[in-house]
Amino acid sequence: MLLWGMDQVREWLKSARSIAALTGAGISAESGIPTFRGPGGFWRNHRSEDLATPQAFARDPSLVWEWYDWRRGLIAKARPNAGHCALAALELKHGQLLLVTQNVDGLHDRAGSRNILKIHGDIWTLRCSVCGREREDLRASLPQLPPRCTCGGLERPGVVWFGESLPQRIWAQAEQAARDSEIFLVIGTSAVVYPAAGLAALAKSSGARVVEINVDDTPVSAFADASLKGSAAEILPRLMDDRL
Ligand code: APR
């Protein structure tokens, strides 16, 4: 298969009628938020896979909350980087850009993107594990861990944990976007966590050109039409720059 480079991808983006992008933790790495896998993927010797589960929360809700509280603190201090901003600019310019993100940090919103499907939830949402009430709490550090609902039940982070289903309607929209896109960008994700990881293959089999942006190879690299190696904050602005 012929692999295309930066110039060709820039041309594709200019003429595409519909673009979708899937982002993962790698796009926020340069904002100072650690990714889940690879270097920095541990917190106090715990792997994210061992903390982000309903079983871990049932066993030790305080420990799980301490991890989320730590991440919330980092995110609150962080700023969107040039990669987030380039995607927001592409949405403004192109109109037909749908962002599917696995990230729960809200940095895409803060960069100005509006057309976002958060398939793994939102770290700033708290949900009662007893009555299901949801609320937004933007405080970087919660006064009480684990937090409790007014009904007395334990609150949990409003994110999707391993073994849980994705929000059905949002996921259906993400699949539709993958099927409808002419260009499908896969940015900063290890592409090993399903079902999100399957979106790139779905887009490809539906006729999209798949463009990967990552510092490393992933399972998507094997079938991507273009695999641009480098950081999202460096490559995305260059892809959008008309002067190049
Ligand atoms: N620019 C581009 N890519 C980068 C950068 C960067 N600056 N830094 C790291 N990466 C890449 C890594 O090479 C890796 O492929 O980002 C990817 C991060 O992978 P993960 O940590 O596995 O993050 P993600 O793919 O988002 O994880 C998926 O797993 O833990 C769950 O629910 C959590 O949404 C998360 C899901």
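## Around the ligand

In this predicted model, Arg 37 puts a polar side-chain atom 2.6 Å from an oxygen atom of the ligand. Thr 189 does likewise, with a polar side-chain atom 2.6 Å from a ligand oxygen. Then there's Ser 190, where an N or O atom of the side chain sits 2.6 Å from an oxygen atom of the ligand. On its own the ligand has 740 Å² of accessible area, and the protein covers 90% of that.

Stepping back a little, 22 residues surround the ligand. Those that come nearest are Phe 36, Arg 37, Thr 189, Ser 190 and Asn 214. Sorted by class, this shell holds twelve polar residues, seven nonpolar ones and three charged ones.

## The second largest pocket

Now for some space in the protein itself. The second largest pocket comes in at about 150 Å³. Its lining includes Gly 121, Asp 122, Thr 125 and Arg 127, along with Glu 134. Further along the chain, Gly 158, Val 159, Val 160, Glu 164, Ser 165 and Pro 167 are also part of the lining. Two elements give two or more residues each: strand 6 (121-128) and strand 8 (155-159).

Which strand gives the most to this lining? That's strand 6, with four residues. As for chemistry, the lining splits into four charged, four polar and three nonpolar residues.

## A cavity inside

How many cavities of 30 Å³ or more are there? The count comes to one. The largest cavity holds about 70 Å³ of space, and 14 residues line it. Nearest its centre you'll find Gly 41, Phe 42, Trp 43, Trp 67 and Arg 71.

Several elements chip in at least two lining residues each: strand 2 (42-43), strand 3 (46-47), helix 3 (48-51) and helix 5 (61-77). Helix 5 gives the most, with three. By class, the cavity lining has seven nonpolar residues, five polar ones and two charged ones.

## The chain as a whole

Zooming out, the chain has eleven strands and ten helices. Its radius of gyration is 18 Å, close to the 18 Å that the globule rule gives for 244 residues, so the chain is as compact as a globular protein of that length. Measure it along the principal axes, and the C-alpha atoms fill a box of roughly 55 × 30 × 30 Å.

Terms used: Residues are numbered from 1 along each chain as its sequence is written. This is a predicted model: local features need pLDDT of at least 70, side-chain atom pairs count only at pLDDT 80 or more; totals for chains, interfaces and linings use all residues. Side-chain values use heavy atoms; hydrogens and water are left out. A residue is near a molecule or strand if one of its heavy atoms lies within 4 Å of it. A polar contact is a pair of N or O atoms within 3.5 Å; within protein, one must be able to donate a hydrogen and the other to accept it, and residues adjacent in sequence count only if both atoms are side-chain atoms. Accessible areas come from the Shrake-Rupley method with a 1.4 Å probe; for residues, only the protein chains shown count as cover. Ala, Val, Leu, Ile, Met, Phe, Trp, Tyr, Cys and Pro count as nonpolar, Asp, Glu, Lys and Arg as charged, and the others, Gly among them, as polar. On a 1 Å grid over the protein atoms alone, a cavity is a set of points where a 1.4 Å probe fits but cannot get out, and a pocket is an open set with protein on both sides within 12 Å along at least five of seven lines; lining residues have an atom within 4 Å of a point. Grid points are joined across faces, edges and corners, and a volume is the space filled by probe spheres set on the points. The radius of gyration is taken over C-alpha atoms; the globule rule is 2.2 Å times the number of residues to the power 0.38.
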